Amino acid sequence: MQEKFDTIKNYLIELNYNITHEDSKEGVLIIQNEDEGINNLILGIADPILIIEQYIFKITKPDENIFQQLLKKNRDIVHGAFVLDETGEKVIFRDTLQIENIDLNELEGSINSLSLLLSEFSENIIQFSKA
């Protein structure tokens with residue numbers, strides 16, 4: 001697993017992400033790039049996949065309209081999707097990639113998908129988080 005961890009870490013460095021936490025034993029990296037909306041993006045190596053997750057907002061008052069809009073937006077997202085955590089209260093961006101033959105472009109595409117999502121859908125996200 002160390003080799004896969006190092007590969008992912010090196011890709012992140014090459015992509016100029018700030019690695020704020022790393023644990024090679026657990027296979028976890030946390031990155032940040034505020035200019036792109038990336039804030040505590042967690043990358044977890046769970047061989048054979050790489051799990052990418054970022055907390056987006058908390059749902060204080062569950063509303064069918066919010067869930068419907070999130071599901072509709074999922075159709076537009078290039079990589080990844082909105083998901084709920086196990087409590088059903090937190091909305092998270094999540095993507096998974098096969099790690100066996102992952103390359104720089106694939107990882108960059110997934111992270112860029114999140115950045116694009118946040119820039120396009122930010123007003124909705126702000127409204128949802130206040131509801």
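The following paragraphs describe the sheet, the helices packed on it and the aromatic pairs of a predicted model.

In this predicted model, local features need pLDDT of at least 70 and side-chain atom pairs count only at pLDDT 80 or more, whereas totals for chains, interfaces and linings use all residues. Residues are numbered from 1 along each chain as its sequence is written, and side-chain values use heavy atoms, with hydrogens and water left out.

An open sheet of 6 strands runs in the order β1-β2-β3-β4-β6-β5 with antiparallel pairing, where strands (E, at least two residues) and helices (H or I, at least four) are DSSP runs numbered from the N terminus and two strands pair if DSSP finds at least two bridges between them. Its edge strands, each pairing on one side only, are β1 (18-23) and β5 (81-84). Neighbouring strands of this sheet are turned by 30 degrees against each other on average, direction ignored. Strand β3 (residues 38-46) pairs with β4 in the antiparallel sense over 5 bridges, and L43 stands opposite I52 in β4.

Helix α2 (residues 64-74) packs on the sheet, touching β4, β5 and β6 (90-98), and its direction makes about 145 degrees with that of β5; contact means heavy atoms within 4.5 Å, and axes are lines fitted to C-alpha atoms, for helices over the stretch in contact, with angles from 0 to 180 degrees between N-to-C directions. Helix α3 also packs on the sheet, touching β2 (28-33), β3, β4, β5 and β6, with its direction at about 15 degrees to that of β4.

The buried residues of α2 (buried being under 20% relative accessible area, exposed over 50%, and partly exposed in between, with a 1.4 Å probe and protein chains only) are I66, L70, K73 and N74. These residues cover an arc of only 110 degrees around the axis, which puts them on the same side of α2; the arc is that of the directions from the helix axis to the C-beta atoms. On the other side of α2, E64, L71 and K72 are exposed, while the cover over its buried residues includes β4, β5, β6 and α3.

The structure holds 3 aromatic pairs, for which rings of Phe, Tyr and Trp (its six-membered ring) must have centres within 6.5 Å, planes under 30 degrees apart counting as stacked, over 60 as edge-to-face and the rest as tilted. F57 and F128 form a tilted pair, at 6.0 Å centre to centre and 40 degrees between the planes. This pair links distant parts of the chain, F57 lying in strand β4 (residues 49-58) and F128 in helix α3 (residues 104-130), 71 residues apart. Both F57 and F128 are buried.
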